[in-house]
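The following account leads the reader through a predicted model, beginning with one detail and widening to the chain as a whole.

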Amino acid sequence: MDIPGAARPIDPEAWDKAQARQERLLEDLKKQVKTELRDIGVLRKELRVTVPAGIIADYLDMNYDELMQDAFVPGFRKGRAPRRLVEKRYGAEVRESLTSSIVSQSYFAAIDNAKLDVLGEPLFAVTIDGGTKLVQVDEALQHLKLPETGDFSYTCEIEIKPRFELPELKGIEITDPAIEITEEMVTEEIDRQRKQRGRLEPVLDEPARKGDYVVADVALVVAGETVKQEDNLTVAVRPASIEGIPLVELDKTLMGVRPGQTCTASCTIPPDFERPELRGQPGEFRFTVHEVKRLVLLPMEDFLAATGYESEAEARRDYRERMESQRDQFARAAKRAQIEEYLLKNTKLDLPEQFSTRQTERAVLRRAVELHAQGVAMEDIEAQLDELRTSARQQVANELKLSFILEKVAEKLDIDVTDEELNSEIAEIARRYRRRFDRVRDDLQRRGLLEELVERIRQQKCLDALLADARLVPADGRRIVRPSAPEPVSEAD
């Protein structure tokens, strides 16, 4: 049922009065909302928000006053029905709509009053099937209801940005690196291109080995209860994270399995799992394997035919020449890496001993965008991201720390990203993967990488701005064989 009034012609005077009333109510909400904070880890807090009953009554009055001007109730002329009948007819819709407004406005009022610099979206604690679960706001609104009487309270978990001071940004000392293009680098680049054209093929007569994939029904069991289950999930035979739960020895669990077999991997439920009552408990993942698959690189002869080379030697010569021509790009990437090293070493910034799933995923997204921009094969990207999710704590720490530092550098230097810069970077990624621009953009959007790509461009601009003010010092003799973010070679060049 639609609430009437949306199509009513606008009376400028009435509109101004309504706006003024809404602003007064919002100010009252900001003054009267109650906030309780509890630390649940470094950079993580539990926030309990309470909206007084009087504020809810004032909002209801405003909504019903507006509604009654156009409300239609059988037996009465339009806008003439008593409020008690309007409430009876439209009460459920009004309360549902108001719940969304109250939650949104009270949340922002609470974090503003508490002077919290929140990172990302909150997770709301709601009761589902008799248990408490942490969910995004859209799902939470399906379960949060305004009370008929009394105050309205809800609880959410938030993550906050760290507070720190930037080091000196002018005159950072860097060396001009010596770049050596090795035969190993040429081989790596050619294999990268072959991987992009490779495919997963079923393994019929061998057990799974490290680096393979299994297609399996996967169930998470805690204290005898099946908490999560997904059928026909493709799982890599390497350390990985499933449902935000790190499985550091998953490769050992899955190595040697064949179709039809079942195996289990022990785990501990992490401290930010969506069901708080399960946090810290032991559990296990059960895998019922249906199929084993293996990535097969495009055969060299097929690669040569697809790229137009007469021989492997010719391909290697051509790739080496292209990589030699990109020395300046390699050198710039190596200089950026020195700037990053300086920022990491000279910025005091507290990070948690144990990262939450969302903190880890932010580092993972940052790395994913970096690897996509380099044109790394998807197989290698997923392998590196799994490593970040499971065992590479120092890498996660560096990724997170750099993202916080460079965000603050961008604010200080007033650096932003234009639509043209974003579209240009997407076009480059599309070229490297030989895909259409619109499909790459849609894929980045779907995977939550588009905002991270914007952030990567901003970070690169920050590093280049710091490079422009850096001071070049005599080389200390070290040779950098592989810079951190080179421009990949494409046969389309």
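A convenient point of entry is Ile128, which stands opposite Gly131 in strand E4. The strand pair around this position consists of E3, residues 118-128, and E4, joined in the antiparallel sense over 5 bridges.

These two strands belong to a wider arrangement. An open sheet is formed by 5 strands, whose order is E1-E2-E5-E3-E4, with antiparallel pairing. Strand E1 (34-41) and strand E4 (131-135) each have a single partner strand and stand at the edges, so each has one side left without a neighbour in the sheet. On average, and with direction ignored, neighbouring strands of this sheet are turned by 25° against each other.

The sheet also has a helix packed on it: H10, residues 357-374, touches strand E2 (44-51), strand E3 and strand E5 (152-160). The direction of H10 makes about 45° with that of E5.

The surroundings of this sheet may now be considered at the level of the chain. In total, the secondary structure of the protein chain comprises 15 helices and 16 strands. Of contacts between residues at least 6 apart in sequence, 74% join residues at least 24 apart. Of the 493 residues in the protein chain, 44% are buried, where buried denotes under 20% relative accessible area. The area exposed by the protein chain is about 25900 Å², and carbon and sulfur atoms supply 46% of this area.

Conventions
Residues numbered from 1 in each chain as written. Predicted model: local features only at pLDDT ≥ 70, side-chain atom pairs only at ≥ 80, totals over all residues. Heavy atoms only, no water. Helix = DSSP H or I, 4+ residues; strand = E, 2+ residues; numbered from the N terminus. Buried < 20%, exposed > 50% of the residue type's maximum accessible area, 1.4 Å probe, protein only. Contact = heavy atoms within 4.5 Å. Areas by Shrake-Rupley, 256 points an atom, 1.4 Å probe, with all protein chains shown as cover. Pairing = 2+ DSSP bridges. Axes fitted to C-alpha atoms, helices over the stretch in contact; angles between N-to-C directions.
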